[in-house]
Structures are given as structure tokens and as C-alpha cells.
Amino acid sequence: MTECRPATRKIPTLEVMSVAKPWLFPEFSPDGVELGSAEAVASYDRKQGTDPAKDRALLDRLGVDAGMRLVDLACGTGSFVVEAAKRGVDAHGVDVSERMLDFTRRRAVGAGVEVSLHHARFLTY
């Protein structure tokens with residue numbers, strides 16, 4: 001008669017796997033030029049060589065007229081979105097930089113127009 005013994009084979013155990021966090025892009029982390037002050041933003045604007053005539057020409061080419069809605073993603077210092085607002089466009093500027101949005105807000109006030117500004121980036125807007 002044969003003796004019965006428990007099996008000696010090891011049965012694999014299930015390890016609890018950690019669930020990965022959902023992929024989230026750090027949208028508000030600085031990238032590119034870091035503009036840490038209002039003076040740095042003003043300097044950036046001067047170096048960009050914004051030209052309202054070029055902004056108007058692009059708006060003409062795009063057929064942008066009063067009553068339309070325009071969203072400028074990464075609007076920067078807002079020259080384009082302000083020119084659009086001067087035409088009676090419902091103009092929205094989106095940027096990750098609060099300082100850029102502040103500059104855009106001052107530019108719009110100086111031009112006597114109203115623009116809607118959004119502190120966001122591509123994924124959150």
C-alpha cells in the first residue's frame with residue numbers, strides 16, 4: 001500500500017499588483033522660456049516683434065469678422081486676440097502663463113476691447 005502525501009509541487013501565488021496611476025500630463029509645469037516677472041514678459045513681447053498689421057492681415061486671410069468666436073491657444077502676450085477683439089469678435093485667449101495673461105489683459109484694456117482669458121493649456125481647455 002502506498003502512503004498518501006501532500007503534493008510537493010509549489011503552486012504559484014498571485015501577487016497583488018499595484019495599479020498604475022492614470023497618465024496625467026503635468027500641464028502647468030513650466031516648459032520653454034520661463035517668464036518669472038512682468039518685466040520678463042514685456043521684454044519677451046518686444047523681442048517677438050508683434051505687428052498689429054500682420055495680425056490684421058492674418059485675420060483677413062482667415063475671414064474672421066464681427067460676431068464670430070476665435071480661440072487663440074497659447075496666446076502669449078495677446079497681440080492676435082486683441083486685434084480680433086477690435087473687429088467685434090468674441091475673442092478668447094488661452095495660456096498656461098498667468099503673467100502672459102496679465103500682459104494680454106493690460107493690452108486689451110489699452111486698446112479699449114474686451115477679451116476672455118483662460119488660464120489653461122491644451123488638455124484642460
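**Exercise 1. Locate Asp72 and say whether it is buried or exposed.**

Step 1. Look for the strand first. Asp72 belongs to strand S1, which spans residues 69-73. Helices (H or I, at least four residues) and strands (E, at least two) are DSSP runs, numbered from the N terminus.

Step 2. Check the surface. Asp72 has a relative accessible area of 15%, so Asp72 is buried. Buried means under 20% relative accessible area, exposed over 50%, partly exposed in between (1.4 Å probe, protein chains only).

Step 3. List the partners. Beyond its neighbours within four places in sequence, Asp72 is in contact (heavy atoms within 4.5 Å) with Phe80, Val81, His92, Gly93 and Val94.

Step 4. Take a distance. Asp72 and Ala84 are twelve residues apart along the chain, and 9.8 Å separates their C-alpha atoms.

A note on the numbers: this is a predicted model, in which local features need pLDDT of at least 70 and side-chain atom pairs count only at pLDDT 80 or more, while totals for chains, interfaces and linings use all residues. Residues are numbered from 1 along each chain as its sequence is written, and side-chain values use heavy atoms, with hydrogens and water left out.

**Exercise 2. Which residues do Gly76 and Thr77 contact, leaving aside neighbours within four places in sequence?**

Step 1. Place Gly76. The loop between S1 and H3 holds Gly76. Its relative accessible area is 10%, so Gly76 is buried.

Step 2. Find the partners of Gly76. With neighbours within four places left aside, they are Asp95, Met100 and Thr104. The C-alpha of Gly76 also lies 9.8 Å from that of Glu98, 22 residues apart along the chain.

Step 3. Turn to Thr77. Thr77 sits in the loop between S1 and H3. At a relative accessible area of 5%, Thr77 is buried.

Step 4. Find the partners of Thr77. Outside four places in sequence, Thr77 touches Val41, Tyr44, Asp45, Thr50, Met100, Phe103, Thr104 and Arg107.

**Exercise 3. How many residues of H3 are buried, and what covers them?**

Step 1. Count. Seven of the eight residues in H3 are buried.

Step 2. Name them. They are Ser79, Phe80, Val81, Val82, Glu83, Ala84 and Ala85.

Step 3. Look around the helix. The cover includes H2, S1, S2 and H4.

Step 4. Step past the end. Gly88, just after H3, has a positive phi of about 90°.

**Exercise 4. Describe how H2 and H3 cross.**

Step 1. Find the approach. The axes of H2 (residues 52-62) and H3 come within 9 Å. Their crossing angle is roughly 65°. Axes are lines fitted to C-alpha atoms, for helices over the stretch in contact, and angles run from 0 to 180 degrees between N-to-C directions.

Step 2. Give the hand. H2 and H3 make a right-handed crossing, with the near helix turned clockwise from the far one by less than a right angle.

Step 3. Name the residues that meet. H2 brings Pro52, Asp55, Arg56, Leu58, Leu59 and Leu62, while H3 brings Ser79, Phe80, Glu83 and Ala84.

**Exercise 5. Which side of H4 is buried?**

Step 1. Take the length. H4 has 14 residues. From first C-alpha to last it reaches 20 Å, close to the 20 Å expected at 1.5 Å a residue (1.5 Å times one less than the number of residues).

Step 2. Pick out the buried residues. In H4 these are Met100, Leu101, Phe103, Thr104 and Ala108.

Step 3. Compare directions. These residues lie on the same side of H4, because they cover an arc of only 160° around the axis. The arc uses the directions from the helix axis to the C-beta atoms.

Step 4. Check the other side. There Val109 and Gly110 are exposed.

Step 5. Find the cover. Over the buried residues lie, among others, H1, H3, S2 and S3. Just after H4 comes Gly112, with a positive phi of about 75°.

**Exercise 6. How many residues are in the largest nonpolar core, and which helix gives the most?**

Step 1. Count. The largest nonpolar core has 16 residues. Such a core is a set of buried Ala, Val, Leu, Ile, Met, Phe, Trp, Tyr and Cys residues joined through side-chain atoms within 4.5 Å.

Step 2. Credit the helices. H3 and H4 each supply at least two residues of this core. H3 gives the most, with five.

Step 3. Inspect one member. Val115 is among those with the most contacts inside the core. Not counting residues up to four places away in sequence, Val115 touches Val81, Val82, Ala85, Ala91 and Ala108.

Step 4. Look elsewhere. Another core, of five residues, lies apart and includes Val41, Ala42, Met100 and Phe103.
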